[in-house]
Amino acid sequence: MPKLKLEARSQPSQMWSYASPLLALACTVAIGVLLFALLGKDPVKGLQVFFWEPVKTGYAVGELVVKATPLLLIALGLAVSFRSNVWNIGAEGQYILGAIGASGVALMANPATGSWIVVPVLLAGVLAGLFWAGLTAFLRDRFNANEILVSLMLVYVAVQVLNFMVFGPWKDPHGYNFPQTKTFEVVTRIPRLFAGSRVSIGIIFALVGVVLVWVFFFRTRSGFAQQVGGLAPAASRYAGFSSRRALWTALLISGGLAGLAGALEVAGPIGQLTPYVPAGYGFAAIIVAYVGRLHPVGMVFSALLMSMFYIGGELAQSRLGLPKSLTGVFQGLLLFSLLACDMLVNYRLRWIALGVGK
Amino acid sequence: MMDSYALLIAATLNAGTVLAIASLGLLINEKAGIVNLGAEGMMLCAAIAGFAAVVHTGSDTMGFLAGIAAGAFMAAIFGGLVIWLNTNQYATGLALTLFGSGFSAFAGIAYVQAQIPERPNFALPYLSDIPLVGPALFRQHPLVYLTVAFALVLIWFLYRTRSGLILRSVGESPESAHALGYAVRWIRMGAVVMGGALCGLAGAYLSIIYTPLWVEGMVAGKGWIALALTTFATWRPARVLLGAYLFGGVTMLQFHLQGVGVELPSQVLSMLPYLATIFVLALISRNPRWIRINIPAAMGKPFHPGS
Amino acid sequence: MTTPRLELKGITKAFPDVVANSDVSLTVMPGETHAVLGENGAGKSTLMKVIYGSLMPDAGQILLNGQVMRIRNPKEARANGIGMVFQHFNLFDTMTVAENVWLGLARTSLEQVTASIVAKATEYGLDIDPRRAVHTLSVGERQRVEIIRALLTRPELLILDEPTSVLTPQAVEKLFLVLRKLASEGCSILYISHKLHEIRELCTACTVLRAGKVTGVCNPKEESNASLSRMMIGAEPPLLEHHECQAGSTTMVVRNLSLERDDQFGVDLQEINLSVCAGEIVGIAGVSGNGQKELLYALSGEDTRSPHGSIRIGEVDVSALDPGERRRMGLHFVPEERLGRGAVPTLSLAQNLLLTRTESISIPRCAGGWIRVKALANHAERLIDRFHIKAGGPNSVARSLSGGNLQKYIVAREIDANPKLLIVSQPTWGVDVGAAAQIRGEILRLRDEGCAVLVVSEELDELFEVCDRMYVIARGKLSPSIPIAEATVEKIGEWMSGLWDRSVPGEARHA
């Protein structure tokens with residue numbers, strides 16, 4: 001009787017490290033088709049809203065990029081974290097703080113302010129994100145508190161801080177008592193790249209970030225040290241790389257980038273601070289980071305893919321009458337499939353015949 | 001005034017029970033060396049599964065069973081990936097939570113406005129009539145008492161039985177347990193499924209008894225707090241129970257403080273349980289040696305047999 | 001003729017990259033002490049795992065007392081009268097001795113187990129307290145737990161895998177007494193070792209393995225070390241060229257180094273005094289777990305808690321410097337763990353250079369430090385060529401190399417840096433004879449060039465072979481040094497129990 005057996009490879013398979021995200025996507029799509037069929041919807045239509053509609057027109061592609069920008073920015077930071085074995089899963093909180101920080105500056109502007117105000121708006125976002133991630137780093141460094149739990153708890157705290165601001169001091173007095181700030185002055189708006197599209201200079205930041213992170217990972221000694229700390233802590237200690245420095249670097253980079261993403265979002269597409277600023281980008285970016293293999297270039301593609309899921313979810317709601325939360329289901333499925341498919345990178349499947357060795 | 005304290009204690013026990021059930025389940029996982037960050041996701045899915053079952057059948061028992069089944073099923077998938085395919089425990093647990101929050105929101109749409117039958121009165125005869133003590137302790141759902149009993153059974157199991165010793169040995173050194181001939185992966189799988197079932201029960205209790213209704217994301221970090229509790233308790237069941245009631249108390253304190261007229265913004269009060277978790281984690285973890293001697297040594301680490 | 005206790009017929013076991021056992025046959029008679037001899041990587045451990053049921057053979061038969069058996073797991077092996085004492089103990093640190101033994105036995109109660117431990121311990125003179133937690137025991141005591149656990153299953157066949165590597169010479173004698181008593185009671189013993197003199201002293205039969213195949217069956221009492229060695233490695237053991245030691249000025253001085261343990265299960269260092277001079281090789285002997293790990297952490301800079309002024313290189317106090325800073329002062333270190341400490345398993349050989357070498361980095365001191373990828377690969381290539389390392393090239397990942405080749409690469413990486421002081425821990429642990437000889441040769445050559453060398457090893461033979469001077473570490477204390485000419489196995493063995501200062505008896509850590 002033959003039996004399927006997992007066999008460890010001596011070298012990880014190069015081929016499968018590229019192929020496994022694609023296989024995972026294929027699995028997700030297959031399950032998606034099944035799900036559509038179960039819900040009594042036409043699977044072809046379902047696939048269409050997720051994979052065709054978002055790239056059909058130039059405007060649609062622009063929207064795809066608009067949503068991919070924060071995902072990519074946050075994921076870049078998370079990749080630095082995860083490669084250093086620092087489990088920052090509170091990017092959502094750092095993103096919210098970034099949005100709050102940017103709003104604080106944006107609300108100070110008046111119609112007469114110069115367009116230079118955009119710089120302090122973004123800086124405030126970055127600093128707020130840094131601060132929030134720095135709290136986690138401090139508690140880990142000083143008290144050895146688990147960064148997974150601390151960073152996550154701080155997401156809930158950040159949500160309450162946001163609520164406090166929009167229900168309290170920052171509530172728009174002319175806003176019919178809605179919990180939101182006034183709409184920011186036009187001068188604070190992030191400059192857009194083209195007329196007729198919402199794509200802003202944010203995507204330039206993200207692409208520059210891709211290059212910088214690539215250089216950091218693969219061409220600098222500090223980037224190397226950062227990753228050794230994640231791969232083999234004892235080797236890192238032996239080499240004399242500081243684990244504290246790696247911890248702070250990881251959290252500050254990911255916090256700063258998440259803060260920047262939050263700032264770009266409130267001062268860009270949203271234009272005011274509302275309780276609906278947290279859109280789950282911080283969590284989706286975890287999936288972006290993994291599906292992109294924690295590689296800066298890979299994450300460009302996975303950010304676009306995840307953005308498709310977001311837009312597809314919205315379209316599925318308006319076109320097919322399906323709940324928007326379908327997005328979350330697909331995101332989760334994708335990560336699951338990826339983790340399962342990744343086994344093929346380090347193992348090969350082989351049929352072995354049993355019955356010998358008697 | 002005294003009555004309000006009795007009610008606070010009663011509410012604390014009720015809220016603590018959710019945390020205690022989930023956390024005891026996660027403790028079993030971790031004693032076997034597995035960390036399941038999917039607790040939040042399992043509880044969410046179990047909450048909607050349990051709630052839906054009660055809406056359709058009208059039976060609490062069916063609801064609890066549905067919740068347990070949902071939790072156990074999700075844990076089994078997690079276990080398959082982590083134990084047999086050697087995927088990263090943290091990443092896989094996160095995937096479970098992300099999937100669980102997406103899926104529960106998706107599946108729960110139809111139940112957002114749903115009502116479930118009136119709860120019967122759970123007061124224990126005679127005991128519940130004792131002044132103060134009665135309303136504080138003896139008007140709870142039976143599961144509240146069962147949780148305490150379960151914790152006692154778990155202590156006995158872990159520290160007084162051979163099976164408990166085997167479970168702990170697998171979390172201490174899976175390589176050694178394997179070399180002695182124990183089926184490490186199946187033992188871990190059993191622990192993971194058991195943990196998932198308990199998280200499921202906790203989720204179902206939340207939506208059927210505690211709230212009782214379905215709201216998207218209603219677990220609100222309780223799964224994560226339950227995870228933090230195992231560290232807080234340095235992996236001892238009795239302390240898990242204690243910690244759960246403590247955190248239940250913190251959760252309830254916000255309502256109590258509002259009741260007695262403390263002037264704090266509601267958002268600040270809502271932060272309390274999360275801030276308390278961070279505070280307690282920092283307090284407990286600051287002595288790494290103490291953690292190291294109590295933590296199951298192989299917790300979170302992969303195990304490859306036969307190599 | 002009596003039926004053999006154990007008979008293996010044509011056992012073959014292959015792994016993806018290597019055939020560990022190929023057509024291995026072996027016969028053990030009742031009451032016989034049978035050696036399985038072979039160098040590292042010859043397939044001894046795989047064969048034992050097959051007998052004990054941890055691995056299934058691809059082909060071949062196992063016969064126990066004349067019956068064909070299919071042993072699917074260790075539980076079945078124990079039920080069939082096979083006991084095993086592992087080289088890497090399978091013990092649970094936080095549990096008590098009794099609980100550990102209980103886990104290795106079939107259903108019974110903890111009280112019964114405790115009673116039978118005491119009984120067995122008395123019967124065989126294996127003194128142990130069943131209520132103590134394992135992490136408080138010395139390595140030798142832990143082995144006793146393993147032996148008692150195996151004996152309590154009433155084995156007809158007891159397998160011991162390299163049991164003496166953790167013992168002092170005196171403790172080895174005690175162990176042999178126990179084994180002889182067992183054999184006289186009819187128990188068969190399979191004794192795995194690569195130490196020739198032990199096998200000739202203890203065993204009455206011997207099967208020799210080389211590269212997974214049986215290369216000889218003999219009675220070791222009738223053989224010489226040379227003839228056994230020929231069967232084992234196919235040649236006489238390579239001889240080292242040993243020049244006279246030309247000790248120069250003192251390179252490193254350690255003075256009154258006391259350090260509280262960092263790890264719960266560690267050892268406190270107490271007033272360590274040590275010096276190493278240029279052009280000499282200094283050895284530190286000792287049973288593992290007596291403070292070697294902690295001392296090496298302190299010397300390499302991985303632990304920087306050492307008291308101010310306790311460690312000096314030349315005139316400079318380095319006690320607070322991190323490993324990188326100490327490396328810039330000429331101190332290079334080869335750690336005991338190759339994968340995960342000396343090298344990152346999943347990174348390439350070239351990338352692993354960056355752990356300790358900065359030649360291929362522009363502006364290395366600057367926070368960035370640009371990696372010149374081409375130069376890095378060339379550097380790795382040069383090392384691979386110069387030290388004859390079998391590897392796919394600079395881009396092979398570290399874990400794809402065999403233990404011996406990876407060790408050669410790590411040693412090469414550190415020697416190539418022209419260190420002033422080289423510290424090497426277990427230079428040839430788990431390495432085949434050829435690679436071991438090459439590594440020892442390189443270390444000697446480095447000494448002759450004027451480098452100071454400190455070797456920490458549990459293998460006494462190795463230390464006697466390469467060292468000029470020797471210290472012994474026991475219970476976190478370091479003995480005075482002794483020139484190699486004055487050192488004998490008996491004396492060093494006594495010192496390994498902490499008995500270098502006879503005026504303070506009772507200090508000995510039971511080993």
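This passage describes helix geometry, helix packing and chain contacts in a predicted model.

Helix H1 of chain A covers residues 14-38. Its 25 residues reach 37 Å from the first C-alpha to the last, close to the 36 Å expected at 1.5 Å a residue. The helix is kinked. A bend of about 35° lies at Ser20(A), shortly before the proline Pro21(A). Both Ser20(A) and Pro21(A) are buried. Further along H1(A), Ala24(A), Thr28(A), Gly32(A) and Phe36(A) are buried as well. An α-helix has 3.6 residues a turn, so residues three or four places apart point the same way. The cover over the buried residues of H1(A) includes four helices of chain A: H2 (43-52), H11 (281-291), H13 (326-341) and H14 (343-346). Just after H1(A), Gly40(A) adopts a positive phi of about 75°.

Helix H12 of chain B, residues 266-285, also carries a kink before a proline. The bend is about 40° and lies at Leu272(B), shortly before Pro273(B). The end C-alpha atoms of H12(B) are 30 Å apart, which agrees with the 28 Å that its 20 residues should span at 1.5 Å a residue. Its buried residues begin with Met271(B), Pro273(B) and Tyr274(B). Thr277(B), Ile278(B), Val280(B) and Leu281(B) are buried too, as are Ile284(B) and Ser285(B). Elements of two chains cover these positions. From chain A, the cover includes H5 (118-143) and H6. From chain B, it includes H10, H11 (237-259) and H13.

Two packings of H10(B) are described next. Two packed helices are described by the angle between their axes and the distance between the axes. H10(B), residues 222-232, packs on H12(B) at an angle of about 25°, with the axes 10 Å apart. The two helices are therefore roughly parallel, the class for angles under 35 degrees. H10(B) passes H12(B) in a left-handed crossing. On the H10(B) side, the contact involves Ile225(B), Ala228(B), Thr231(B) and Phe232(B). These meet Pro273(B), Thr277(B), Val280(B), Leu281(B), Ile284(B) and Ser285(B) in H12(B). Pro273(B) thus appears in this contact and directly follows the kink at Leu272(B).

The second partner of H10(B) is H2(B), residues 39-57. Here the angle is about 135° and the axes are 7 Å apart. H2(B) and H10(B) are therefore oblique to each other. H2(B) passes H10(B) in a right-handed crossing. Ala39(B), Glu40(B) and Met43(B) of H2(B) make the contact with Lys222(B), Gly223(B), Trp224(B), Ala226(B) and Leu227(B) of H10(B).

Contacts between chains were also examined. Chains A and B each contribute 37 residues to their contact. On the chain A side, H5, H6, H11 and H13 give two or more residues each. H13(A) gives the most, with eleven residues. The contact of chain B with chain C takes 15 residues from chain B and 16 residues from chain C. H7 (162-172), H8 (174-179) and H13 (288-294) of chain B each supply at least two residues of the side that touches chain C. H7(B) gives the most to that side, with five residues.

One residue of H6(A) was considered separately. Val161(A) lies in this helix, which runs over residues 147-167. Val161(A) has 19 other C-beta atoms within 10 Å and is therefore partly exposed, as burial requires 20 or more. Val161(A) and Gly196(A) are 35 residues apart in sequence. Their C-alpha atoms are 35 Å apart in space.

Conventions:
Residues are numbered from 1 along each chain as its sequence is written. Chains are lettered from A and ligands numbered from 1 in the order in which they are written. This is a predicted model: local features need pLDDT of at least 70, side-chain atom pairs count only at pLDDT 80 or more; totals for chains, interfaces and linings use all residues. The expected span of a helix is 1.5 Å times one less than its number of residues. The bend at a residue is the angle between axes fitted to the seven residues ending there and the seven starting there. A residue is buried if 20 or more other C-beta atoms lie within 10 Å of its own, exposed if 12 or fewer, and partly exposed in between; C-beta atoms are placed from the backbone. Two residues are in contact if their C-beta atoms, placed from the backbone, lie within 7 Å. Axes are lines fitted to C-alpha atoms, for helices over the stretch in contact, and angles run from 0 to 180 degrees between N-to-C directions. Angles under 35 degrees count as roughly parallel, over 145 as roughly antiparallel, 65 to 115 as roughly perpendicular and the rest as oblique. A crossing is left-handed if the near helix is turned anticlockwise from the far one by less than a right angle, and right-handed if clockwise.
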